[in-house]
Amino acid sequence: FPVTILIVSTCAMFTIAYLCYESGETNLTNRIFSQLTSLRASKSDQFQSYFHTIRNQVQTLSADLMVVQAMKDFTSAYGQLNTQSIPPAWDDQIHTYYQQEYLPRLAQLNQGIPVPDLYYPTNQAARYLQYHYIAANPNPVGQKYELDNPGDNSPYSQSHNRYHPILKQFHQRLGYYDLFLIEPEQGAIVYSIFKEVDYGTSLFTGPYRTSNLAQAVTAVMKAQGRDYTKIVDFDHYKPSYGAPAAFIATPIFDHSALIGILAIQLPVEEINRVMTGNQNWKRDGLGKSGETYLVGADQRMRSLSRFLVEDPQQYFNTLKHTQLDDDTIATMERFKTSILLQSVDTQATQAALAQQEGTQIIKDYRGIPVLSSYAPLDIEGLNWAILSEIDLVEAYAPIYEFQRVIVVWTTLIILGITLVSMVLSTMFIKPITILIENAKNLSKGNIEALVPLTSQDEFGQLDAAFQEMVNSLQSKTAVIE
């Protein structure tokens, strides 16, 4: 009897608990997927709006009369610099800058030792500009743009002193990493705000002719459309010491004549700010492990990983248990970025890069199960995917707590049912025990020892029938005697 009650009640309880758990898990999963999808859509709209704004700003700048005139003045002055003789002392100082500043920094952030001859400027204009605005510039690396006029009284420096303060304001207010003016004949960078080692070099024949900036300029030259803009994907840009860089370029027209190309180096910080919510993941509802990030067509990140920002050591320790090689992990540690380095070859990225949108429970780039909401990013010229994810363990924490509560209460209830069933079985068995003793006494002829039952239930009726049988046997026995 207690075993029967225990089995029936336990089966009923586990069935109800399982149905409640499944229902709760499904509802929670759908709610989290809805939240991730909403956040992903919001970030996607924000990011696409940002690129749309950048595109409009670049097109507006390229049509600005001041920029058009600056392009003409810089191109003319740059051509005059190619006729200047470069003193050996200037070349020595340029070489010293490369040997002491640029090449050691490049070597620290990249594998191998750079070959100096591959990076030195060769034409006279580039050497002239790099001497006055980089090598002889008293401002430290990263602040070379602070120099307005090197004091050489050249037509170029006069133009630079006229336009640089204004263009520098564009750089500071709009948040660009760098702004370039490039003449179309040689592909020469005749002006740069930030003054890195690509300054003055040719993007057609110079040391950076294979860079993604050169690709953007070449695309603009081929299109030659007034409203044409070209966005190129991130790549390691050596003038920026191999840091990830993306560019947007558009032509500069003087009436109907193409006189140059305006190019912008996109700010990585702004992209990361949009994707990380200014590093306020919890405020965006992503808890302790959620993040939204971008992935390019090569299945590598285009924005920072949250885990690299919050706990780099734990992030790198986790990556050592994935298929990512040690050299890539070491490069991420040197660059302090996951852009172009972190591989994200997951089911979600494969689907998103195939222009599919949806939600799945997958293993992310760390090999950890996550709830993922993914979609392609609609930006002309870029095949990117956007993903919002949160660790399964954190997302299912309420379910796991509910599961724990169910186990505890089920155990307690089963113990209670066991005790109750034992008490009830004792109550039910007691009349049977009395009847059994009465039957034994009757078989021994010990009629006086019979114990009557006073209950009115079935056991009482059975005892009454038993007593009638005893009385009948007594009467028959008396007759026989």
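Buried means under 20% relative accessible area, exposed means over 50%, and partly exposed lies in between (1.4 Å probe, protein chains only). The views below come from a predicted model, where local features need pLDDT of at least 70, side-chain atom pairs count only at pLDDT 80 or more, and totals for chains, interfaces and linings use all residues. Residues are numbered from 1 along each chain as its sequence is written, and side-chain values use heavy atoms, with hydrogens and water left out.

**View 1. Lys43 and Asp284 pair up across the chain.** Lys43 is buried, because its relative accessibility is just 6%. Its partner Asp284 comes out at 21%, so Asp284 counts as partly exposed. The two form a salt bridge (a side-chain nitrogen of Lys or Arg within 4 Å of a carboxyl oxygen of Asp or Glu), with the closest N and O atoms 3.4 Å apart. Lys43 sits in helix α1 (residues 2-63), while Asp284 belongs to the loop between α7 (268-276) and β6 (291-295), so to speak 241 residues apart. Helices (H or I, at least four residues) and strands (E, at least two) are DSSP runs, numbered from the N terminus. Arg283 joins in too: Lys43, Arg283 and Asp284 are linked in a network of salt bridges.

**View 2. Asp148 meets Lys168.** Here the closest N and O atoms are 3.3 Å apart. Asp148 lies in the loop between α4 (124-135) and α5 (155-174), and Lys168 is in helix α5, 20 residues apart. Asp148 is partly exposed because its relative accessible area is 23%. Lys168, at 11% relative accessibility, counts as buried.

**View 3. Asp364 and Arg366 form a buried salt bridge.** Their side chains meet at 2.7 Å, N to O. Both residues are buried. This pair is shown from a structure that holds 14 salt bridges.

**View 4. Leu181 in the largest nonpolar core.** A nonpolar core is a set of buried Ala, Val, Leu, Ile, Met, Phe, Trp, Tyr and Cys residues joined through side-chain atoms within 4.5 Å. This one has 86 residues, and Phe47, Tyr102, Leu181 and Leu213 touch the most other members. Helix α2 (residues 65-81) supplies the largest share, nine residues. Leaving aside neighbours within four places in sequence, Leu181 is in contact (heavy atoms within 4.5 Å) with residues including Val67, Ala70, Met71 and Phe74, as well as Ile252, Ile261 and Leu262.

**View 5. A second, separate core.** This core has 25 residues, among them Phe307, Phe316, Val344 and Val370.
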